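Trainee: I'd like a close look at one part of this model, with enough of the surroundings to place it. Could you take me through it in one go?

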Amino acid sequence: PGGIGRPYGKDLIFRPTLPMQILWAAMSFGSGPRTWITKIFGSIDPSSMYANSLYFALADVPGNIAAMALMDRLGRKRLLVLAMTSASVSLLVFADATAAAAAAVDSTEEGGKDA
C-alpha cells in the first residue's frame, strides 16, 4: 500500500495529489522573484545570459531542499499553510517598506523644492 506510487493511486490522484502539483507549478513558475527578474539581473553583471540563468536556477535549490525536508516532518497541508502564511507576511512587509521608502522620497523632493 505504501511507496512512491501511492499518491498516484485511484483514491489520491484527483483529490490531494493533482491539485497540489498544479498549485506547486503555478507558484514555482508564475510568482516570486520572477516578477523582479529585470531588477535582479540588472543588479548583477548582465553580460552573460547563461550565467544569469544559472544563478537564477540555483537560487531555487535551497528552497526545494527545505521543502523536501519539511514535507515529511510537517505534512503537505501544514507546509502549504506555513508557506502561504510566510509569503503573505513577507509581501505585507515589502509593501510597507516600499510605501515608507516612497513617502521618504516624496518628502525629500518636497523639501528640495522649498529651498
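Trainee: To start with, in which helix does Leu23 lie? And from there, please go on to helix α4: how many residues does α4 have, and how far does α4 reach from its first C-alpha to its last?

Mentor: Leu23 lies in helix α1, which covers residues 13–30. Bear in mind that this is a predicted model, so let's get the confidence out of the way. The mean pLDDT of the protein chain is 75, with 65% of the residues at 70 or more. Your pick is a good one on that score: confidence is highest in α4, at a mean of 85, and lowest in helix α2 (residues 37–43), at 65.

Now the setting. The chain has 5 helices and 0 strands, so reading from the N terminus you simply get α-α-α-α-α. Of its 115 residues, 7% count as buried. The accessible surface comes to about 9400 Å², and carbon and sulfur atoms account for 69% of that.

On to α4 itself. This helix takes in residues 61–74, which makes 14 residues, and it reaches 20 Å from its first C-alpha to its last. That is close to the 20 Å expected at 1.5 Å a residue. Just after α4 comes Gly75, with a positive phi of about 90°.

What does α4 put on the surface? Have a look at Leu54, Leu58, Val61, Ile65 and Met68, which make a nonpolar surface patch of about 490 Å². Two elements, α3 (49–58) and α4, give two or more residues to this patch. The largest share, 3 residues, comes from α4. As a reminder, residues three or four places apart in an α-helix point the same way, because there are 3.6 residues a turn. On the α3 side, Leu58 is one of the patch residues and is found in that helix. Leu58 has a relative accessible area of 48%, so it counts as partly exposed, below the 50% cut-off for exposed.

Ala67 is another residue of helix α4. With a relative accessible area of 31%, Ala67 is partly exposed, because that value falls between the 20% and 50% cut-offs. Ala67 and Leu79 are 12 residues apart in sequence, and their C-alpha atoms are 8.0 Å apart in space.

That brings us back to where you began. Leu23, in α1, has a relative accessibility of 31% and so counts as partly exposed too. Its C-alpha is 9.9 Å from that of Leu80, although Leu23 and Leu80 are 57 residues apart in sequence.

Conventions
Residues numbered from 1 in each chain as written. Predicted model: local features only at pLDDT ≥ 70, side-chain atom pairs only at ≥ 80, totals over all residues. Heavy atoms only, no water. Helix = DSSP H or I, 4+ residues; strand = E, 2+ residues; numbered from the N terminus. Expected span 1.5 Å × (residues − 1). Patch = residues over 30% accessible without salt bridge, like charges linked within 9 Å, V, L, I, M, F, W, Y side chains within 5 Å. Areas by Shrake-Rupley, 256 points an atom, 1.4 Å probe, with all protein chains shown as cover. Salt bridge = Lys/Arg side-chain N within 4 Å of Asp/Glu carboxyl O. Buried < 20%, exposed > 50% of the residue type's maximum accessible area, 1.4 Å probe, protein only. pLDDT = per-residue confidence, 0-100.
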